[in-house]
Amino acid sequence: MEGVSVRKIKKICVFCGANSGKDVAFVNAAFHLGEVLGKRKIDLVYGGDKLGLMGCVSTAVAQHERQVLGIIPSAFTINNLVGETCGKEIKVATMQERLVMMMELSDAFIALPGGFGTLEELFQMISWAQLNIHNKPIGVLNINGFFNGLLSFVDHAVKQEFITPRARKILISATTADELVDKLQAFRFEPDPALSKLKWSPSSSQKEKLDLTLRL
């Protein structure tokens, strides 16, 4: 990436399904992503499960002797609802606390195929980036076109002027793990000038007033 400023990424948070999915390509791609992270000396933050794609990526990272941190709500550990975390585990009280901790401890985010939970996590991070709560890169690994429909919908929302072209740039996509990590490292955050006025520090007693014509 000659001539491109490279972002230093030490930890990537991966959102993905606790199921393996119908296509074996999903499993292979999850393992390969873990291998790519390991070879690039990038540690993993994830949802703390050894099932499905979550287990695939975490196992591969651990096999390359990189740190794996699972952040899991305490409710999930009751009656062995999820498998054993591959690596260090932090238990939290709520799903929101889990996501906030993931955001704080990670330098970038990748979504693999998954269900509603994966999509919620992905779009929550995108929304928080749009609101200038963080400026970390976010991408989807589009295995066998899994995210084609989602990406088309996002582009449709841009055409219908519900998402700005600037905000659309927050969501990165690639079809291979190496390409996606390269794109995350090259990402340059472009905050909305109005939204960048928001103050999110706990000490802020009053938020800046937003221009209500903004499309959020």
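I start with one pair: the side chains of Gln185 and Arg40 are joined by a polar contact of 3.4 Å. A polar contact here is a pair of N or O atoms within 3.5 Å; within protein, one must be able to donate a hydrogen and the other to accept it, and residues adjacent in sequence count only if both atoms are side-chain atoms. This is a predicted model, in which local features need pLDDT of at least 70 and side-chain atom pairs count only at pLDDT 80 or more, while totals for chains, interfaces and linings use all residues. Residues are numbered from 1 along each chain as its sequence is written, and side-chain values use heavy atoms, with hydrogens and water left out.

Gln185 sits in helix H7, residues 177-186. Helices (H or I, at least four residues) and strands (E, at least two) are DSSP runs, numbered from the N terminus. Gln185 counts as buried because its relative accessibility is 14%; buried means under 20% relative accessible area, exposed over 50%, and partly exposed in between, with a 1.4 Å probe and protein chains only.

Now the sheet. Seven strands form an open sheet with parallel pairing, in the order S4-S3-S2-S1-S5-S6-S7. Two strands pair if DSSP finds at least two bridges between them. At the edges are S4 (88-92) and S7 (171-174), each pairing on one side only. S1 (residues 11-15) and S2 (residues 43-46) run parallel and are joined by three bridges. Within that pair, Ile12 has Leu44 in S2 as its bridge partner.

Helix H1 (residues 24-39) packs on the sheet and touches S1, S2, S5 (108-111) and S6 (138-141). Contact means heavy atoms within 4.5 Å.

Next, the interior. The largest nonpolar core has 34 residues, and those touching the most other members are Ile12, Val14, Leu33, Leu37, Leu44, Ile110 and Leu112. Such a core is a set of buried Ala, Val, Leu, Ile, Met, Phe, Trp, Tyr and Cys residues joined through side-chain atoms within 4.5 Å. H1 gives the most to this core, eight residues. Leaving aside neighbours within four places in sequence, Leu44 is in contact with residues including Ile12, Val14, Leu37 and Val57.

Last, Leu141, which is found in strand S6. Is Leu141 buried or exposed? At 2% relative accessibility, Leu141 counts as buried. Its C-alpha lies 6.8 Å from that of Ala177, although the two are 36 residues apart in sequence. Not counting residues up to four places away in sequence, Leu141 touches Ala29, Leu33, Phe147 and Ala177, among others.

Key:
Axes fitted to C-alpha atoms, helices over the stretch in contact; angles between N-to-C directions.
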